[in-house]
Amino acid sequence: MHFLKLIRPINLAIIVLTMYGVRFFILNSSRFQKVDDNWIDFLLLVLSTVLIAAGGNIINDYFDVKADRINKPEKLIITKHIDRRWAILTHWIFNGIAFSIAIYLSIKYQSLWYVFVHLVSINALWFYSMHFKRKVFIGNFMIATLTALIPLLVLIYFQVGNSYASAHSEFNPDSWTAIIDYSLIYMLTFFAFIQNMAREIIKDAQDVEGDKLIYVKSLPMILGQQKSLMLVALILFVLPAFYIWISLTKMNSFIGTVQFWTATIPFGIAALINLVVIFLIFTNKTKQLKLYDALIKISMLIGVLATFYIGYLHL
């Protein structure tokens, strides 16, 4: 149970839902063109991504033991329930398995994309935990970027896989799902970045006291909690503003032939949740940081489920 808490199973489940949601959307949006999909290889890709994320969670807690004794002593796992040596060993085992999967996929599909993406992700999470999380904004940007790239990793899988299965040159549009509009996936990537950026700042605001012990320079330390939360409100308003804009312009490139108001229900709900968080920030200031974090996570989950929803509408 302590080990499960260490790897953060809810966050890992969201990663799995994100990847299978994008897959579901792509497969069900391709009515007129066959999409090559090896479900075993895709499962291996999901497994490797989850293992890297779990390893990243372990190494982050490994370097944060001193801060966590102050910020969340009741949730401290490494040194209290799990030995530091076992934690670092598990981290490397997870990354070793994930990288082995990447090598297999790269060899099978004759593409270095998998090795490149996995190698960058593993090293980024290590250097984030050891160094960059202590730098103003850089750590937040890194985590938000890595999270946002997950939907694009699925696109790479289908692009590489369908190129490999055809006689065309690599990444020739004619060789893979050329008629599908991927605007929904690109939009999901952008808002995953936005929502995660806001959430990372809120998490920093909760951890100020402990972060001082490990010499972290976070935005709440530099700007103060009130100004940092105003920045969070500004970031969160991007989604409601975008929803209002597409509602007024009826821009439907990302939903194809599906009725606009039906397809955009999830985005309207997510935008409404963001507005609730913004309202709470202006009325409660720093009193409800954990609530803000939970609401943003719910908003992100709804965005992930939108891929299943819109993919189902295309059936």
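**Entry 1: what counts as a helix.** Before looking anything up I noted that a helix here is a DSSP run of H or I with at least four residues, and that helices are numbered from the N terminus. With that in hand I looked up I298, which lies in helix α15, the run of residues 289-313. I also wrote down that the model is predicted, and I keep this in mind for every value below.

**Entry 2: the chain as a whole.** How many helices and strands does the protein chain have? I found 15 helices and zero strands. I then looked up burial, and buried residues make up 51% of the 315 residues in the chain. For the surface I noted an accessible area of about 15200 Å², of which 69% belongs to carbon and sulfur atoms. Lastly I looked at how contacts are spread along the sequence: taking those with a separation of 6 or more, 76% are between residues 24 or more positions apart.

**Entry 3: α11 against α12.** I wanted to describe a helix pair, and two packed helices are described by the angle between their axes and the distance between the axes. For helix α11 (residues 225-236) and helix α12 (residues 238-249) I read an angle of about 25 degrees, with the axes 4 Å apart. Angles under 35 degrees count as roughly parallel, and α11 and α12 are therefore described as roughly parallel to each other. On the α11 side the contact has L234, I235 and L236, which meet V238, L239 and P240 in α12. By class, the residues of this contact are six nonpolar, with no polar and no charged ones.

**Entry 4: α8 against α12.** Next I looked up what α12 does with helix α8 (residues 183-206), and found the two packing at an angle of about 150 degrees, with their axes 10 Å apart. The cut-off for roughly antiparallel is over 145 degrees, which makes α8 roughly antiparallel to α12. Which residues meet here? From α8 I listed M187, F190, F191 and I194, and from α12 V238, L239 and F242. The contact of α8 with α12 has seven nonpolar residues, no polar and no charged ones. I noted that V238 and L239 appear on the α12 side of the contact with α11, and that V238 and L239 are also listed for the contact with α8.

**Entry 5: A241, still in α12.** I stayed in helix α12 to look up A241. Is A241 buried, partly exposed or exposed? Its relative accessibility is 31%, so A241 counts as partly exposed. I also checked a pair that is distant in sequence: A241 and A271 are 30 residues apart along the chain, and their C-alpha atoms are separated by 8.4 Å.

**Entry 6: I278 and I298.** I278 is found in helix α14 (residues 265-284). With a relative accessible area of 11%, which falls under the 20% cut-off, I278 is buried. Leaving out residues up to four places away in sequence, I278 touches A233, L236 and F237; L236 I had already met in the contact of α11 with α12. From I278 to Y292, 14 residues along in sequence, the C-alpha distance is 8.9 Å. Returning to I298 in α15, I read a relative accessibility of 42%, and it counts as partly exposed. I298 and N274 are 24 residues apart in sequence, with 9.8 Å between their C-alpha atoms.

**Entry 7: two residues with positive phi.** Most residues other than glycine have a negative phi. I therefore paused at R8, which is not a glycine but has a positive phi of about 60 degrees, as this runs against what most such residues have. R8 sits in the loop between α1 (2-7) and α2 (9-29). The side chains of R8 and D61 are joined by a polar contact of 2.7 Å, and beyond residues up to four places away in sequence R8 touches N57, N60, D61 and K72. Q110, not a glycine either, has a positive phi of about 55 degrees. I placed Q110 in the loop between α5 (84-108) and α6 (113-130).

**Entry 8: Q110 beside S111.** S111 is in the loop between α5 and α6, as is Q110. Which of them is buried and which exposed? Q110 is exposed, with a relative accessible area of 63%, whereas S111 is buried at 6%. The side chain of S111 reaches the backbone nitrogen of W113 at 3.2 Å.

How values were computed:
Residues are numbered from 1 along each chain as its sequence is written. This is a predicted model: local features need pLDDT of at least 70, side-chain atom pairs count only at pLDDT 80 or more; totals for chains, interfaces and linings use all residues. Side-chain values use heavy atoms; hydrogens and water are left out. Axes are lines fitted to C-alpha atoms, for helices over the stretch in contact, and angles run from 0 to 180 degrees between N-to-C directions. Angles under 35 degrees count as roughly parallel, over 145 as roughly antiparallel, 65 to 115 as roughly perpendicular and the rest as oblique. Contact means heavy atoms within 4.5 Å. Ala, Val, Leu, Ile, Met, Phe, Trp, Tyr, Cys and Pro count as nonpolar, Asp, Glu, Lys and Arg as charged, and the others, Gly among them, as polar. Buried means under 20% relative accessible area, exposed over 50%, partly exposed in between (1.4 Å probe, protein chains only). Accessible areas come from the Shrake-Rupley method with a 1.4 Å probe; for residues, only the protein chains shown count as cover. A polar contact is a pair of N or O atoms within 3.5 Å; within protein, one must be able to donate a hydrogen and the other to accept it, and residues adjacent in sequence count only if both atoms are side-chain atoms.
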